[in-house]
Amino acid sequence: MEILRNFPCFSLILSMCASIISSALNGKWARRLNIFVISAIGVMSACTLYFTFVTNQCYIYKMGRFSAPWGNEIRFGNLEAAMALFFSVIMLLSILGGRKHLFVEVDPFKENLYYVLINLLMSSLLALIYTNDLFTAYVFVEINTISACGLIMIRENGHTLEAATRYMLMSLIGSGLLLFGLCILYDITGHLLMSNIKEQVLILAQTGQYHIPLVVAIIFMGVGLAIKSALFPFHSWLPDSYGYSTASSAAILSSLVSKGYIFLLIKIFYRVIGFEVIAESRLFNVLFVFGLCGMIFGSLSAIRENDIRRMIAFSSVAQIGYIYMGFGLGTEAGMIASIFHIFSHAATKSMLFIAAVGLTDASGKSKKFIDLTGAGYRNVIAGATFTVGSLSMVGVPLFSGFISKILFAQASVSVGVSKMLPTLIVLAISTILNAIYFMKTVVRIYTPVKSDYPSISWKQDVSYAVVCICFIICNVLLGMCSEPIVDLIRSGLAMFA
Amino acid sequence: MNEVMLLIIVLFPFAAGVLIPLLPFKNRRWMMIYIETVVVINSILVWLLLFNRPDGAFTLLKFTGNLSVTFHLDGLACIFAGLVSALWPLATLYSFEYMKHEEHEKIFFMFYTMTLGVTLGIATSANILSMYFFYELLTLVTTPLVLHTLTREAVLASRTYLYYSLGGAAFAFIGMIFIIVYGSTTDFVYGGVLDLANYTGNVNLLLFIYVLAFMGFGVKAAICPFCSWLPKAGVAPTPVTALLHAVAVVKSGAFAIMRLTYYCFGTEFLKGTWAQYTVMSITIFTIVFGCSMAVRERHLKRRLAYSTISNLSYILFGVTIMTPLGLVGALTHMICHAVMKICSFFCAGAVMYKTGRSYVYELDGFGRKMPKTFGIFTISAFALMGVPGLCGFISKFNLAKAAVESENVLAYVGIGALLISAILTAIYMLTIVIRAFFPKQGFDYNSIRDVEDPNWVMLLPLSLFVVGMVILGLHPQPLIELFTNVANGLF
Amino acid sequence: MSESVSLLLAILFPVLAGTALLVVRQKGERKNILAYVGVVLGITGVLVINALTTKETEIVLFELMEHVPIVLKLDGFGKLFLAIVSIVWILAGCFSFTYMKHEKNEKRYFGFYLVTFGVLIGLGCAGNLITMYAVYEFMTLVSFPLVIHNQSKEAVMAGLKYLFYSFFGAYMALFGLFFLCRYTTTLTFTAGGTLNMELAAGHETLLLVAACLMLVGFGVKAGMFPLHAWLPTAHPVAPAPASAALSGIIVKAGVLAIVRVIFYLFGADFIRGTWVQYLFLTLALITVFMGSMLAYREKVLKKRLAYSTVSQLSYILFGIALLNPVGLTGSMLHMIAHAFIKCALFLCAGAIIFQTGITNVDDLKGIGKKMPLTIWCFTIVSLGLIGIPPTGGFISKWYLATGALDSGIAGFQYAGPIILLISALLTAGYLLPVTIKGFFPGDDFDYDKLEKCEPGKWMTVPLVILAVLSVVIGMFPNGLLSYIQTVAAGLM
């Protein structure tokens, strides 16, 4: 059992090493290595989760047994392990689902580079999840940014270059702000380790010292991460980079990268500053307002969109709005809802991207709606997957989206009227907007026309079909067996404190 | 054991429906036999269950916390389930004949049969979450039926239908959350489950939430600002318009509102508040609005659809009176309207099927060529108008009686609306009848030589509906006693 | 038991016989149809006489719902109604044997004619409000085909107008019915009213509004202002015997209903002295005057007669609205007199149309020379309608005027008789020119072209009978009068 404690660290190192090794391999082997590594990480995370779940406590793992300030710490509890497991599963499915496109869209000589980036990304995500050190977190945020940039750019056409530049720019602003905040925090507390900072902040908050710098630090970090996770109105980089990059990239970026930052933000709330202090700083109210705006405007932009990929991308803006809205409620229930929505949205959004690829394949690679007419009949499995994803997004019972909706609503009911009413009404309106653009698409792909495009049966690409089915199962599982997951999240949050 | 039966009546048609496109039928005939058998068996099961009601509940699924999908058969559920399962076999029989000329029959019957299961699911839901669950599912399984003809019009209609229904559910969702959080239990209990001791906030807020939820569920019941989907959905084949958009789907909306009002929020809490006046005003307005639109409409099925809008609000008006008598009136009209409207729709369908005519002004002189169909149509028109001796009068009488007894001035206005609607109904229904039986002087009957009555498969359900209308109109007492028991929470 | 059988037989026999005529598909010979109709009318007449001899008992047929029974009950007033209906209906039916020769779809006409007969008998026998309402609705529906019989565009439009006005009125009445359900002890017609005073206390305004709506609603059938417009449109377009029956009888159904509502449910005491009574009186007087004026200005004979009906019906309503026994006696008398007279007038108009095709009053010069018997009948009944002794119209108007003077209602006490008088003058103005021109066509009339065209026996005999009847009730009113006075006194 004890060896299980080392698994988080192992998985981190494994993925970093794999990225280095991949650079020396050719595309085919790099891919195999990558799949192996991610699967291994998944298995290890599962073991870790099992371990923390059984023992029901969290562990701090000191690298090389050096304690701070020299050593670096990893900390893991239920939530971290679950997150790592979930990320690796989604990552695996996304890569497998978009595999065929990689061959086409990425220069064969650069294929191994793609896997380098993927591994790098995975390691940075794991680090964001596990680290107990604020500065380490910053370092991996940067690594994450760079690898994400690479993932966008690797398709090498005009759109992606522009998108990547934009992404880079915005991300750097975000991480710059994060760095500022971090520096201020270091300045006033003298620590970089999360648990130590928290103790100091608590004292500062009680004595009222450095009140303004503390608030500024909180705002810098919050806004920085918000920019990076594409909270409205900082989402301008998102549609292009999700819309034009290769399918796997889009799926990974939308479902994992932004979620990594959000998870870091949660950690900052709970582990660095302390929930009460944040709540006093009114940052939640700001996030709440922007979250609500995001929910509406993201969907409105999606309705106007005439490109299926960009539409899904805009939908992400709305969904991220949901998550921030959940934070904004400033209660534990809201936080649980947000974290559940991280899972739910990650599973659904990657699924939609992968399904969209299948549909566009069956429509002569065109992403325009007019060409997609009837695509649901030409590629049955993709059509079904897309439908399930859409239903989940709209919040139809049985699927994951419904549970997050119900959790959000329940959370909102227990806070004051000033937040409850806007939440409930915006939730309803946003559901309608979601229904408008997703159902419009579903109806369209099931409107038969005489089409020249050939049908694609599932036999032609078995792995794609399997991935799709896995996505559907994953979604339905989240939707039907939500109780243990919510319990897990609750216990995980308890371990944060 | 009996509790499991609750699951079976929901799942059996659902599963049997899914199997339709997969089974290798030798020809159309076998498919018909298969479907009719499934539907009839299910109806028999339902009726058996109604007479030996299981007391317990059956839980199918558990979501987080105390949320679960559970079935239970209480009085209200009995009525709705009984209604649906009585009408379904007849409608199915009718649709065999009607769908002969249409394509994609298998897909059609797949969803048609699945809808039966889902509707029974709504009827037998034991708590608000289950009801919401089946409510959403109902939207999904019925959308393909609206889409069926795949014309541009149908696509647009199905989109509108989806947006409206899902949007409505989104608002109903808010109400559901409140019941889940502030209810003493999530199950339906007659008289309401709201735990006001637990609720610290503003009472007006709770009322506001009720209004929101009412409007949300009201979308399916086509209340006024949200009714435009119903006439549009008339592009669907007639069996769908008749059974789903006059009975199953729209009545589900009304049924949900009954649950919401009498079994969740509770009439004690709502009665006499501004919320009651608001929702009642909406229904009164819809009653008049629907009829007026029907008078203007010249497309036969759309006219009937507008009439449905108005008649559904009769039911809702009964609900918003918020007394047991009001519920009796609402339930009576639910049953009576189902029979009347399905009958008139089927007549319209028979006309479209046999002659392809679908506008009112094309029906000159049909009465002589299709005497049976139009005779039946005339009877249903009389029933809708509320001519005594037919079921429409009984329900109108009960609604008005409830309104008078409630001594609520707005309800008096509602009676006025009912009567204005009755005169408008006379206008839009009788103009059709008169056209058909008394065409203009010198009308050339040779121009409609091709018109004739449909065969027995279509006429049988129609005649049974007529018998139903007359029986309900002359001897409704046992049924009304049952409703009274249900409405007083005794059954 | 025997009562219920005899009442039900009288109601159901013509209904079923008519339905049979409608449903049977094969085209019978004209003679056979007429024989059938004649026999049915005869048997119905016998059945009605049989029903008239029964005792007044309440017969509950079945319970529609709890506390909502379907009741038959033939009381004094009902018997009166039944008698008028049968006489007029049978005579007009005889008239149509010849008249309908020049119309199509005879079978349908006679079918509905018989059904309507049965329904009207049912209306007279209805024992409570629900039953009466039901029969009332059926009456509208089954008389509708009579109105639009010739299916010209004009007739169909008029028919629709008739239908929708009638339903509008019926639904207004239904509104009141719902309230009566709650605030009365029983809906069964009971002389003196059945209001449950305990429950009604505090809801007087509501009940008065309901009463007002019921009056106006049932008043639609009786052609009362402001909802009278259907009458002059619908009556003239029907075939003449149908117009005669409609104008003579169907409009009386409205009167019957109003009497039932006021005297048998609300009770005269409840209405007396309230704004409802004043409103009712005002409306009746307005209609009396307006109807006469319009009739005076109208040139088409049948339309003129229809306007006359509007006016005369409100005489009856005025008498009812006075709410005293004398006025009510006048009303009932006028009801009888007007039924015979108006039926005869329409039949005359029908005979003229049938023989000469003339519809316009101005073209009737010399008609008296062509068909003297018809125009003599016309003249006699005209005098009756104007109210010249010794005809029936004189007695009824006498009682109406006395009733008004007796009532002591400020304003109406004198205004009523004056308006009645003016209206009588106008009546003379619009009816007598027909006679005068008919018999004295003037010097320039070309006697050479004149040829006798007296209609056949089936047409003249009913006319003569009606004319004689209208005079007889004026000359020997005593038996009738005492009967009516008993009935009227019982209602106060």
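Two residues are in contact if their C-beta atoms, placed from the backbone, lie within 7 Å. By that criterion, chain A and chain C share no contact in this predicted model. Select both chains and hide chain B: the closest C-alpha atoms of chains A and C lie 41 Å apart.

**Chain A alone**

Select chain A and color by secondary structure. Chain A has 22 helices and two strands. The radius of gyration of chain A is 21 Å, close to the 23 Å that the globule rule gives for 497 residues, so chain A is as compact as a globular protein of that length. Turn the C-alpha trace to its principal axes, where the spans are about 75 × 55 × 45 Å. Of the 497 residues in chain A, 62% are buried. Next, look at the contacts within chain A between residues at least 6 apart in sequence: 79% of these join residues at least 24 apart.

**Chain A against chain B**

Bring chain B back. Two pairs of chains touch, and the pair with the most contacts is A and B. Here 24 residues of chain A are in contact with 28 residues of chain B. On the chain A side, select helix 19 (400-413), helix 20 (417-445) and helix 22 (482-496), each of which supplies at least two residues to the side that touches chain B. Helix 20 of chain A gives the largest share, ten residues. Coloring this side of chain A by residue class shows 17 nonpolar, five polar and two charged residues.

**Chain C against chain B**

Now hide chain A and show chain C. The contact between chains B and C takes 24 residues from chain B and 25 residues from chain C. On chain C, select strand 1 (58-65), helix 5 (129-147) and helix 6 (153-183); at least two residues of the side touching chain B come from each. Which element of chain C supplies the largest share of that side? Helix 6 of chain C does, with 14 residues. By class, the side of chain C that touches chain B holds 17 nonpolar, three polar and five charged residues.

**A hairpin in chain B**

Finish on chain B, selecting residues 58-62 (strand 1) and 68-71 (strand 2). These two strands run antiparallel and are joined by four bridges. Start from B:Phe58, whose bridge partner in strand 2 of chain B is B:Phe71. Then move to the turn: five residues lie between the strands of this hairpin, and B:Gly65 takes a positive phi near 60 degrees.

Note on methods
Residues are numbered from 1 along each chain as its sequence is written. Chains are lettered from A and ligands numbered from 1 in the order in which they are written. This is a predicted model: local features need pLDDT of at least 70, side-chain atom pairs count only at pLDDT 80 or more; totals for chains, interfaces and linings use all residues. Two strands pair if DSSP finds at least two bridges between them. Ala, Val, Leu, Ile, Met, Phe, Trp, Tyr, Cys and Pro count as nonpolar, Asp, Glu, Lys and Arg as charged, and the others, Gly among them, as polar. The radius of gyration is taken over C-alpha atoms; the globule rule is 2.2 Å times the number of residues to the power 0.38. A residue is buried if 20 or more other C-beta atoms lie within 10 Å of its own, exposed if 12 or fewer, and partly exposed in between; C-beta atoms are placed from the backbone.
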